[in-house]
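Dear colleague,

Please find below the structure that I should like to pass on to you. My notes on it follow directly after.

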Amino acid sequence: MATTLVRPRTLTAPAPRAHKAPALRHLGPNWYASVMGTAIIANAGATLPYQLPGQRVACQIVWALSAVVLAVLLTARAGHWIHHRDQARAHLLDPAVAPFYGCLSMALLAVGGGTLIVGKDLIGTGAAVAADTVLFTAGTAIGLVMAVAVPYLMVVRHKVEPRQATPAWLLPLVSPMVSAALGPLLIPHLPAGQPREALLLACYAMFGISLLATLLMLPLIFGRLIVGGPLPLALTPTLFLVLGPLGQSTTAVNQLADVAHQSIAAPYAGALGAFAVVYGVPVMGFALLWLALAVAMLVRAAREGMGFAMTWWALTFPVGTCVTGAAGLARHTGLTAFAWLAAALFLALLTAWLLAAGHTLRGLFSGRLLPTTR
């Protein structure tokens, strides 16, 4: 009887399941910086001491663009968490990426503030107040959570070395300062008395949270530069992030001083107005010093062949906060020099935005920024 040889079946591992929406896998929280950098154009341009014909209309268009980009990114990031949860968790555990989760808060706040500054011309004051209330509340809550969660992860889960210190570490810490600067826009729309005073003092509390946390972090960043030398070329633009808490805190004290008389009794209202100048002028001076250092380092990096990266968006929002800070000082001091400074910084902001936006669009269309392969 012939023996039939049966060839054993070869067991093959199942093919790995293809990820849905592969481009979304590479979409990190740093993309919210494009929303921040766009919204600040509208917010700063509408509050400049000098206004040209058609300037406010242009700001309205830019605000609408920032709102659209925010909606698209929120949807895309939701898809990122649904389809690429492993990557999203990896981002949280990566000390180089986790700080950028603070950008979500600031994107919500910046668009919300723009809604009341210029968006109300398009959608009406009532709708603008409602929209900003939602965005301000969500942005503030997320910002306060990230101001605790990211430093906690850095202490407990991240393996951080001194040479890894970068200005990006400031991102989750500056979020409460953005709330402090934009919260005053809602105060006139609250009932007089306790509600206004509560929001005013809450904004000052967030001002303190962000300022003191920044003062703890800045020595680490500056010490890394002195001891470790220049940042890698792609990270050089992040030096401008230091301007964020400086310009935003100056903006905050001036914005809060504008509404202090509506919210709190004398003598505090007058004292807060004086504090805006006493604090804002020296901090703006330090901001200009840091700006000069950052520009010098940026020129050096450009000469050494620095290419485009999403870090270029760091050249926008922080500079914009210095524009609004200088404009606030111009209001409270009456000095034309601060008005000129605000205008000059706004021109620099526009230039930086055009460069960052142009290269970002080119990278998207070419597939370099969000490749469709894993």
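Contact here means that heavy atoms lie within 4.5 Å. By that criterion, and leaving aside residues up to four places away in sequence, T251 touches A181, T321, T324 and G325. Please bear in mind throughout that this is a predicted model.

T251 itself is placed in helix α8. Its relative accessibility is 7%, and T251 therefore counts as buried, the cut-off for that term being under 20%. R303 is 52 residues from T251 in sequence, and the C-alpha atoms of the two are 33 Å apart in space.

One of the contacts of T251, A181, leads to helix α6, where A181 is among the buried residues. How many of the twelve residues of α6 are buried? Twelve of the twelve are, so α6 is largely enclosed by the rest of the structure. The buried residues run from L171, P172, L173 and V174 through S175, P176, M177 and V178 to S179, A180, A181 and L182. Their cover includes α4 (102-123), α5 (125-156), α7 (194-228), α8 (243-263) and α10 (317-333).

The length of α6 (residues 171-182) can also be checked. The expected span is 1.5 Å times one less than the number of residues. For the twelve residues of α6 this gives 16 Å, and the end C-alpha atoms are 17 Å apart, which agrees.

Turning to the pairing of α8 with α9, these helices pack at an angle of about 160°, and their axes are 8 Å apart. That angle makes α8 roughly antiparallel to α9, since angles over 145 degrees are classed in this way. The crossing of α8 past α9 is left-handed.

The loop between α8 and α9 contains P267. A cis peptide bond joins A266 to P267, with omega of about 5°. By way of background, most peptide bonds are trans.

Finally, the nonpolar interior. The largest nonpolar core has 121 residues, and L200, F240 and L243 are those with the most contacts inside it. Helix α9 (residues 268-303) supplies the largest share of this core, 13 residues. With residues up to four places away in sequence again not counted, L200 touches I187, L256, V259, A260, S263, I264 and L272.

I should be glad to have your comments once you have looked through the model.

With kind regards

Note on methods: Residues numbered from 1 in each chain as written. Predicted model: local features only at pLDDT ≥ 70, side-chain atom pairs only at ≥ 80, totals over all residues. Heavy atoms only, no water. Core = buried A, V, L, I, M, F, W, Y, C linked by side-chain atoms within 4.5 Å. Buried < 20%, exposed > 50% of the residue type's maximum accessible area, 1.4 Å probe, protein only. Helix = DSSP H or I, 4+ residues; strand = E, 2+ residues; numbered from the N terminus. Axes fitted to C-alpha atoms, helices over the stretch in contact; angles between N-to-C directions. Parallel < 35°, antiparallel > 145°, perpendicular 65-115°, else oblique. Left-handed = near helix turned anticlockwise from the far one by under 90°.
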